[in-house]
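User: Please take a close look at one part of this model, the pairing of charged side chains. Then place that part in its wider setting and note any backbone features that deserve a check.

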Amino acid sequence: MRQKKKYFIATRMGLIQRSKIRELFERASKMKGVISLGIGEPDFDTPANVKEAAKRAIDEGWTHYTPNAGIQELREAIVEYYKKFYDVDVEIDNVIVTAGAYEATYIAFETLLEQGDEVIIPDPAFVSYVEDAKLAEAKPIRIPLREENDFMVDPDELLELVTKRTRMIVINYPNNPTGAVLEKEVAKAIADIAQDYNIYILSDEPYEHFLYDDAKHYPMIKFAPENTILVNSFSKTFAMTGWRLGFAIAPSQIIKDMVKLHAYVIGNVTSFVQVAGVEALRSEESWKAVEKMKKEYAERRKIVLDRLKKMPYIKVREPKGAFYIFPNISETEMSSEEFSEWLLEKAKVVVIPGTAFGKNGEGYIRISYATSREKLIEAMDRIEKALSEVK
């Protein structure tokens, strides 16, 4: 009998942890009648004008390589966008077009971090930051986001974590998983620390347009342009998740080196997708679609919050951004993972355990309301019924 071949895999692959979110989805996919409140993806379709622009681009021959950093027109449209929305001046040499915010974050980490560098990453936080840091051979240092502080980074705590090895601080607001937004004074304080200690800020801002009540978003390049690598994406704003279109804005020398790595990783973002990105940013039609999405998210947010507030064992703080709610479930006396497993079995509802985003997520779950009102109402009914039976 032929002996099974042994494959030699690079040690760095052992450093990467598989996302607990994906594991939960795979389990749920084998069950019937499950409602998922787990996915961080808009359930809306990409605006029609953006899809038409991509079709036209293919017919017009946009099927070839483009410059590594992205087509001139898209980079110009990104520059215009920051001037129009935030009155921030960006040069075209400060922009690189990437395959989503995922790639932008990865190449920023690889470009700027070395073995032994420390990266301060919020806890809880989106899952990719820690893995990207490990791949860059840097050391992740977690800073807790606390409910009593509205899940904002505490500048005093941040300052205490800064050492001679600190190279980068990761910021993500509006926040995934908590839905928190960053107040202007806190953003300025973080910017001041970064400038005083010559530290980079990796600011991941894909939820910038999903804000509620009186919340406002302040891009970090407004306060620390020389220290910030701003990462953004078309995925959430324009419901373009599958298009894999994003970008980074940073000082031109950093962009120049990010382009070198990007050229070897993917070469260039799909040509006709870049053309569609120009249409998304410059057309009134796309922005009207964004406004409709925002209104619908606001309604869904209200439905879920109103229901959660009336449920036993649940405490919930109103999030001001993104499309997530981060309820405290510690009164159930179950861990976040136990609660998520229990809810899947008992109510056939998928929620994400807070610990999928870091140890400080213990006692919480993430609920996404990026799904239809009907499904949200049914899911709330199921959760309420399951909780009523807890003894």
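Analyst: Lysine 83 is partly exposed, with a relative accessible area of 37%; the classes are buried under 20%, exposed over 50% and partly exposed in between, for a 1.4 Å probe and protein chains only. Its salt-bridge partner is aspartate 87, with 2.9 Å between the closest N and O atoms. Aspartate 87 counts as exposed because its relative accessibility is 53%. A salt bridge here is a side-chain nitrogen of Lys or Arg within 4 Å of a carboxyl oxygen of Asp or Glu. In general, side chains of opposite charge can pair when their charged atoms come close.

The model is predicted, so local features need pLDDT of at least 70 and side-chain atom pairs count only at pLDDT 80 or more, whereas totals for chains, interfaces and linings use all residues. Residues are numbered from 1 along each chain as its sequence is written, and side-chain values use heavy atoms, with hydrogens and water left out.

Over the whole structure, the search returns 26 salt bridges. One of them links glutamate 389 to lysine 385, where the closest N and O atoms are 3.1 Å apart. Glutamate 389 is partly exposed at 37% relative accessibility, while lysine 385 is exposed with a relative accessible area of 54%. Elsewhere, Asp43, Glu296, Arg300 and Arg373 are joined into one network by salt bridges that share partners. Within that group, glutamate 296 and arginine 300 pair at 3.1 Å, N to O. Both residues belong to helix α10, 4 residues apart, which is about one turn of the helix; helices are DSSP runs of H or I with at least four residues, strands are runs of E with at least two, and both are numbered from the N terminus. Glutamate 296 and arginine 300 are both buried.

The wider setting is a two-domain arrangement. Domain 1 comprises residues 11–46 + 287–389 and domain 2 comprises 54–283, with the bounds coming from an automatic or database domain assignment. The C-alpha centres of the two domains are 25 Å apart. Contact, meaning heavy atoms within 4.5 Å, involves 38 residues of domain 1 and 43 residues of domain 2. The size of an interface is often given as the accessible area lost when the parts come together. Between domain 1 and domain 2 the buried area is about 3,400 Å², 60% of it from carbon and sulfur atoms; this is the accessible area (1.4 Å probe) that the two parts lose on being put together, summed over both. On the domain 1 side, Trp287, Arg317 and Lys320 lose the most area to domain 2, together 24% of what that side buries.

Charge pairing also occurs across this interface, where 3 salt bridges are found. Lysine 320 also has a salt bridge of its own, to aspartate 214, at 3.4 Å between the closest N and O atoms. Residue pairs in polar contact between domain 1 and domain 2 number 24, both residues at pLDDT 80 or more. Helix α10 (residues 284–309) contributes the most to the side of domain 1 that touches domain 2, with 7 residues. That side divides into 20 nonpolar, 8 polar and 10 charged residues.

An uncharged pair adds a further polar contact: the side chains of threonine 66 and glutamine 274 meet at 3.1 Å. A polar contact is a pair of N or O atoms within 3.5 Å; within protein, one must be able to donate a hydrogen and the other to accept it, and residues adjacent in sequence count only if both atoms are side-chain atoms. Threonine 66 sits in the loop between α2 (48–59) and α3 (72–86), and it is buried at 10% relative accessible area. Leaving out residues up to four places away in sequence, threonine 66 touches Ile71, Asn268, Val269, Ser271 and Gln274.

Some backbone features remain to be checked. The peptide bond from aspartate 123 to proline 124 is cis, with omega near 10°, and proline 124 lies in the loop between β3 (118–123) and α5 (128–135). The bond from tyrosine 173 to proline 174 is also cis, with omega near -10°; the loop holding proline 174 runs between β5 (166–171) and α7 (184–196). Tyrosine 313, although not a glycine, has a positive phi of about 70°, and alanine 322, also not a glycine, has one of about 60°. Tyrosine 313 is in the loop between α10 and β9 (324–325), and alanine 322 is placed between α10 and β9 as well. Tyrosine 313 is partly exposed at 25% relative accessibility, whereas alanine 322 is buried at 0%.

Key:
Nonpolar A, V, L, I, M, F, W, Y, C, P; charged D, E, K, R; others polar.
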